[in-house]
Amino acid sequence: MSEYNHKKIEENWRAFWEKNHTFRTENDASKPKYYILDMFPYPSGAGLHVGHPLGYIASDIVTRYKRLKGFNVLHPMGFDSFGLPAEQYAIQTGQHPAITTEENATRYIEQLKNIGFSFDWSREVRTSDPKFYKWTQWIFMELFRSWYNKETDQAEPIETLIAKFETAGTYGIQAVSDDDVPHFTAEEWNAKPEREQYEITLKYRLTYVADAVVNWCAALGTVLANDEVKDGVSERGGYPVEQKLMRQWMMRITAYADRLLRGLDTVDWSDSLKEQQRNWIGKSTGAEVSFQIEHRVEQIKVFTTRLDTIFGVSFMVLAPEHELVAELTTLAQKPAVDAYVTAAKMRSERDRMADAKTVSGVFTGSYCINPFNGERVPIYLADYVLAGYGTGAVMAVPSGDQRDWAFAKHFDLPIIPILDGQKDIDKQADNTKEGRYINSGIIDGLTYQEALPVLVKFLEEHGIGKAKINFRMRDAVFSRQRYWGEPVPVYFKDGLPYLLDEQDLPLELPPVDKYLPTETGEPPLARAEDWKYKGDFEYELSTMPGWAGSSWYWYRYMDPQNDQEFADQKAIDYWRDVDLYVGGSEHATGHLLYSRFWNKFLKDRGYVPEEEPFKKLVNQGMILGRSNFVYRLKESVGEGKIPVFVSNGLKGQYDVTPLHVDVNIVENDVLDVETFIKTRPDFAENAEFILEDGKYICGVEIEKMSKSKFNVVNPDTIVERYGADTLRLYEMFLGPLTDAKPWNTNGIDGVYRFLKKFWRLFYEEPTETRPGRWLVTDEKPTPAELKALHKTIRKVAEDIEHLSFNTSVSAFMVCVNELSALKCNKKAVLQELVVVLAPFAPHITEELWAALGNEAGTLSYAEFPVFNPAYLVEDTIEYPVQINGKVRTTLVFSVDTVASDIEKEVLANEVVLKWLEGKTPKKVVVVPKRIVNVVM
């Protein structure tokens, strides 16, 4: 085949790879391993656009390169296939989500294979497959069967806790648990009935049932995670979301907060992503202080990192969801409080935390007492306080906190200065620790360092508080009131939750008549007929959240067909962890936290060897859409009016409205007017167009790629027209992997021409009368040819190791240009160049590898060429020759030519003699290996 026919070449090699299982990976312990993983996608109905493959292309380049370097590479792909879109479609159409998911996944696989990814498809997993979620359910059960021992700083089987109770009661127990755990002796424990003992253990287990404030979306009929809520509405569908107290399954992720923080110091992740996780975990060191409610037995506990400001407290603020709101609200204040609480429910926690400008709140009518000075403190509600963070209460010190200051100003509350170093507190808060305390009772006149021990001693002596470490992160809600998710392997007996027997896993989703909640508000699983455990006991009706399956899936790839355990121990011990993980930064505080949590738990229980699952993590940047616009005259809008569209260069002369137009009918910003009229008859039929030089030129804007902006480019279209190799190279050429960059189809021609030029190193250009000849010879390469090759070998190897793929593509282009100029057709050079290019453009290189006489299909496991620095050593140097500061010629000398010989030859040179005009120069300066300067 002398002509570069990308369609035929790529179809042939994709078929070859599939037929011969080229990329199937064995657990071969004789080779060093490299595990590279992409964050697996949710298979949406829209399929892929050109922005989606960016990370997959990068990871595939590294995969193919590591194979060439002798590694046994695990590079699997699967689908995070439980999700709201399929369930919403089921609600609308009645079609089972499994059918929709299967159709969408099939489409995804077709598109991914078309781009030539070397995934081992024999290891494919889907989180919605019962064979997979059997083990998600099993891990849930293991969490339920475990508690966190602070003494050993790890999770342990619940039996070890029970053994402690049996021998010493709660004495010496250091556990992460509910706040209301009872205290008892061994004798008291052993005397308790079995049911009461079991109930007590529920307060320690790593997964448990509790009342929690959640994001409730009535339209979707489910609880949403914080990262599924944007601006008070659901990310999916834009439905209203309210804060609601509901009975939920919870995961005790807070037990691992410190280890999650410490682990960030051991992984190769970006600083920005680590900082997002640190901020989300939010570790604070401070004190918990109890304020007695006036005329009541209850107390309000607050957590503060600034105990030294206790004398500056002028009001107390509770979260609108605080459990004491109803008791604290006086009759006179009830209407205002009720209205405020209702309004707060309609805002997500994320919105409330982010909105620092709006000041709102309401007085409850009640007071508490400052335990340090006995002052009455009014109690307010405000939505900037969150029920789940700390204690859900804040002691407000307006002189030292800007939000408290704004609140005090708004409600005309006292602003008490507490340090003589505070400045301008009539204008804004000053949180300084400098100076000496004033208006501060027992610490008046002391500095910050002097005051703290006095305050802590007072706390402990009076039993009003204690030193405490607090975390912003809360236990994770693990329930969704929807159908399409993993069933929770729990049944209820006498109101208490119990685990299924392991032999009854997987607990599969039952058939239901509708995918909606019941008329009485129960989750869709309540619609299942006769769905009871062993015919008697009610199952849990919620399903697991979307992050459950993704919190451990990388282990299933290690041994995906195993029906006896989630993965064989030998496979886990070999692959261990993910060496390179590639995916979007939007998962920083969701998936990446939950998966680290589950991994640490599995290590504690002895199932996996590594503390962290992902050694190196790279967030690929977003490929933005390049939107095109047409401009409609505003005066041509309306019933009965003929629409008129003005070309971009002329729009300044008219009053126009910009409208998005499908980028797939625009080439080099020129609109295909005829196709536009056919495809948009809603406003283009019978339209008139005001053109520039006979063309309609569209406007351009860089935006996020989305269907609503008509700027989605389907990779199938690019592959059909230019080939997958061109697509792969072009996406890498657009810019650094981690940067956002705009897509522009207009630029892809250059990459396509590069591949054809590369092909011409092997085949002569065909003519109408004869096919192109095979040009490759066995001649010995010249030093210049070897230099061009080895520059490229070194550059590409370094770039792949540093994930700098865009500069590799540039290096390939330079190399091919140099070899073309040298008319290089030497097999010794071209065969090595084929191997170097193979990770980027696997189809064309497979074709040429076979044409060079190698066994078909062996390229993927060939050896990456070794860089030889000797080929880059120069044996001659080109010296610019300046005469009075201006370069007049260049001369080439051997690298070992001495300065005196260079001077003689320069002064004898014809060009130099011409410029000397018979005069003798004052001096000749030879800068070795750089330049010659003749001074007149």
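**Long-range contacts and local packing in a predicted protein chain**

Among contacts in the protein chain between residues at least 6 apart in sequence, 71% join residues at least 24 apart. The model examined here is a predicted one, and a few overall figures help to set the scene. The protein chain has 936 residues, of which 52% count as buried. Its secondary structure comprises 29 helices and 36 strands. Taken along the principal axes, the C-alpha atoms fill a box of roughly 110 × 80 × 75 Å. The chain is divided into three parts: domain 1 covers 283–471, domain 2 covers 623–703 and domain 3 covers 876–935. Over C-alpha atoms, the centres of domain 1 and domain 2 are separated by 58 Å.

We can start close to the N terminus, with strand 1 and what precedes it. Helix 1 (6–20) and strand 1 are joined by a loop, and Thr 22 is found in this loop. Thr 22 has a relative accessible area of 11% and is therefore buried, the cut-off being under 20%. Beyond its neighbours within four places in sequence, the contacts of Thr 22 are with Phe 16 and Trp 17, and also with Gly 857, Ser 860 and Tyr 861.

Strand 1 itself spans residues 33–38 and is mostly covered, with six of its six residues buried. In a regular strand, side chains alternate between the two faces of the sheet. Here, Lys 33, Tyr 35 and Leu 37 point one way, while Tyr 34, Ile 36 and Asp 38 point the other way, and all are buried. The partner of strand 1 is strand 2 (residues 72–74), and the two pair in the parallel sense over three bridges. Within this pairing, Tyr 34 stands opposite Val 73 of strand 2.

A helix pair comes next. Helix 2 (residues 53–68) meets helix 22 (residues 724–733), their axes coming within 10 Å and crossing at roughly 105°. Because angles of 65 to 115 degrees count as roughly perpendicular, helix 2 and helix 22 are described as roughly perpendicular to each other. On the helix 2 side the contact is made by Pro 53, Leu 54, Ile 57, Ala 58, Asp 60, Ile 61 and Arg 64, and helix 22 contributes Leu 727, Arg 728, Glu 731 and Met 732. By class, the residues of this contact are seven nonpolar and four charged, with no polar ones.

An open sheet offers an antiparallel example. Its three strands have the order 4-3-5, with antiparallel pairing. Strand 4 and strand 5 (175–176) are the edge strands, each pairing on one side only. Strand 3 (residues 146–149) and strand 5 run antiparallel and are joined by two bridges, and Tyr 148 stands opposite Val 176 in strand 5.

Ala 155 lies in strand 4 (residues 154–157) of this sheet. With 2% relative accessibility, Ala 155 counts as buried, since the cut-off is under 20%. Leaving aside neighbours within four places in sequence, Ala 155 is in contact with Trp 147, Tyr 148, Leu 206 and Tyr 256, as well as with Phe 601, Asp 604 and Arg 605. Tyr 148 thus appears twice in this account: as a contact of Ala 155 and opposite Val 176. Ser 900, by contrast, is 79 Å from Ala 155 in space, C-alpha to C-alpha, and the two are 745 residues apart in sequence.

Key: Residues numbered from 1 in each chain as written. Predicted model: local features only at pLDDT ≥ 70, side-chain atom pairs only at ≥ 80, totals over all residues. Heavy atoms only, no water. Domains from an automatic or database assignment. Axes fitted to C-alpha atoms, helices over the stretch in contact; angles between N-to-C directions. Helix = DSSP H or I, 4+ residues; strand = E, 2+ residues; numbered from the N terminus. Parallel < 35°, antiparallel > 145°, perpendicular 65-115°, else oblique. Contact = heavy atoms within 4.5 Å. Nonpolar A, V, L, I, M, F, W, Y, C, P; charged D, E, K, R; others polar. Buried < 20%, exposed > 50% of the residue type's maximum accessible area, 1.4 Å probe, protein only. Pairing = 2+ DSSP bridges.
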